[in-house]
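Reader: Hi! I have a new structure open and would love some company while I look through it. Could you walk me through what I'm seeing?

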Amino acid sequence: MKLSCAVLDDYQGVALTSADWTPLADRVGVRVLREHLTDRDALVAAVEHCEILVVMRERTPLDAELLKRLPRLRLLITSGMRNASIDVAAAAGLGITVCGTDSRPEPPAELTWALILGLARQVPAEARALREGGPWQSTVGMDLAGRTLGVVGLGKIGGRVARVGLAFGMDVLAWSPNLTDERAAEHGVRRAASKSELLESADVVSLHMVLSDRTRGLIGPADLRAMRPSAYLVNTSRAGLIDGEALLRALREGWIAGAGLDVFDTEPLPADDPLRTLPNVLALPHLGYVTEGNYGRYFGQAVEDIEAFLAGTPVRVLG
């Protein structure tokens, strides 16, 4: 009898075409759930018969309580090698192996620049006016050359964002709690002495930190007030890095010029969320990692993870 595998939250319906699943055809039956199931009872009903689940990033949280309701589950695969929404310890205690996949830093770094450029040159407003027969040229864009880019977190993604800023002729400042002058110099940028210095100096602030208890709310009301009224804030990391209520107030009251957002506290973003309609927000539906190359890695390595597990030699095990 074949094992049952479900792929959750395949919004675009591309999981089965992004990789070759045929090596599993005689051993595993794979089906795809495209709709995001927020109701936990509905989710359990949809997958309780599964021995294998493949999840995309942090779209569906799998905590201890939910895992206990899936007694047949033996293998849980997540895209990427870190997923804060999976209780890995609880999974281990229930005899569930958790495996990951590679995830490249280039796609979110590239999307960060799509947001920065979109904000700086007012791309959405100008494109909309052109499409709808509105005014021909209605905004004046921000020059990036000679401006200051503040990068919060100079890791694999932040480092790439910083190097593009340098290529645009920007002065690049970087800060994180453990950043050293030597590390900043390796990327050709200056280390800000403090978060406050970076926020007060930058024309564009881009966040690239891992969300943890230590970084949650890293950008609060005082930080947003410290930014220049002409500055933009870009977040392609995790929504929890910013105090959400403070950000709404900052955008509504003009503490900052605008924000480019690819991550939200609730995803998919509720239809009535004000971030959908604020005129100084450029928002995207968490597309940072959504590229052909990344999806090929995610689902191709998910197949590898399943094959290795069935062979008794799991790979890319998290825990």
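Reader: Let's start with α6. Which strands does α6 lie across, and at about what angle does it run to β6?

Author: Happy to help! First, please keep in mind that this is a predicted model. Helix α6 lies across β6, β7 (171-175) and β9, and it runs at about 175° to β6.

Reader: Nice. Which sheet has β6, β7 and β9 in its order?

Author: They belong to an open sheet of 7 strands with parallel pairing, ordered β8-β7-β6-β9-β10-β11-β12. Its edge strands are β8 (190-191) and β12 (281-283), and each of these pairs on one side only.

Reader: How many bridges join β6 to β9?

Author: There are 4 bridges between strand β6 (residues 148-152) and β9, and the two run parallel. If you want a pair to click on, Leu 149 has Val 204 in β9 as its bridge partner.

Reader: Found them! And what about β9 and β10, how many bridges there?

Author: Strand β9 (residues 204-207) is joined to β10 by 4 bridges, again with the strands running parallel. Here Leu 207 stands opposite Asn 235 in β10.

Reader: While I'm on β10, which residues point which way?

Author: Tyr 232 and Val 234 point one way from strand β10 (residues 232-235), while Leu 233 and Asn 235 point the other way. All of them are buried.

Reader: What holds strands of a sheet together, in general?

Author: Strands of a sheet pair through backbone hydrogen bonds, and the pairing is either parallel or antiparallel.

Reader: Thanks! Back to α6 for a moment. How do the axes of α4 and α6 cross?

Author: The axes of helix α4 (residues 106-120) and helix α6 (residues 156-167) come within 9 Å and cross at roughly 45°. The two helices are therefore oblique to each other. As for handedness, α4 passes α6 in a right-handed crossing.

Reader: Which residues meet there?

Author: From α4 you have Glu 106, Pro 108, Ala 109, Thr 112 and Trp 113, and these meet Ile 157, Arg 160, Val 161, Val 164 and Gly 165 in α6. By type, the residues of this contact divide into 6 nonpolar, 2 polar and 2 charged.

Reader: Let me zoom in on Pro 108. Is it buried or exposed?

Author: Pro 108, which has its place in helix α4, counts as buried because its relative accessibility is 10%, and the cut-off for buried is under 20%.

Reader: What is Pro 108 in contact with, apart from its neighbours in sequence?

Author: Setting aside neighbours within four places in sequence, Pro 108 is in contact with Ile 157, Thr 236 and Gly 288. Gly 288 is 180 residues away along the chain, yet the C-alpha atoms of Pro 108 and Gly 288 are separated by 4.1 Å.

Reader: Fun! Changing topic: what is the order of the sheet with 5 strands?

Author: That open sheet has the order β2-β1-β3-β4-β5, with parallel pairing. At its edges stand β2 (28-32) and β5 (97-99), each with a single partner strand, so one side of each has no neighbour in the sheet. From one strand to the next, the twist averages 15°.

Reader: How do β1 and β2 pair?

Author: They run parallel, joined by 5 bridges. One pair to look for is Ser 4 with its bridge partner Gly 29 in β2.

Reader: And what does β3 pair with on each side?

Author: Strand β1 (residues 3-7) pairs with β3 in the parallel sense over 3 bridges, and 4 bridges join β3 to strand β4 (residues 75-78), also parallel. Take Ile 52: Cys 5 stands opposite Ile 52 in β3, and the bridge partner of Ile 52 in β4 is Leu 75.

Reader: Where do the β3 side chains go?

Author: Ile 52 and Val 54 point one way from strand β3 (residues 52-55), Leu 53 and Val 55 point the other way, and all are buried.

Reader: Which helix lies across this sheet of β1 to β5?

Author: That would be α11, which lies across β1, β2, β3, β4 and β5 and runs at about 155° to β4.

Reader: Last one: what is Leu 318 in contact with?

Author: Leu 318 lies in the segment after α11 (292-310). Beyond neighbours within four places in sequence, its contacts include Thr 78, Met 81 and Val 88.

How values were computed
Residues are numbered from 1 along each chain as its sequence is written. This is a predicted model: local features need pLDDT of at least 70, side-chain atom pairs count only at pLDDT 80 or more; totals for chains, interfaces and linings use all residues. Side-chain values use heavy atoms; hydrogens and water are left out. Axes are lines fitted to C-alpha atoms, for helices over the stretch in contact, and angles run from 0 to 180 degrees between N-to-C directions. Angles under 35 degrees count as roughly parallel, over 145 as roughly antiparallel, 65 to 115 as roughly perpendicular and the rest as oblique. A crossing is left-handed if the near helix is turned anticlockwise from the far one by less than a right angle, and right-handed if clockwise. Contact means heavy atoms within 4.5 Å. Ala, Val, Leu, Ile, Met, Phe, Trp, Tyr, Cys and Pro count as nonpolar, Asp, Glu, Lys and Arg as charged, and the others, Gly among them, as polar. Buried means under 20% relative accessible area, exposed over 50%, partly exposed in between (1.4 Å probe, protein chains only). Two strands pair if DSSP finds at least two bridges between them.
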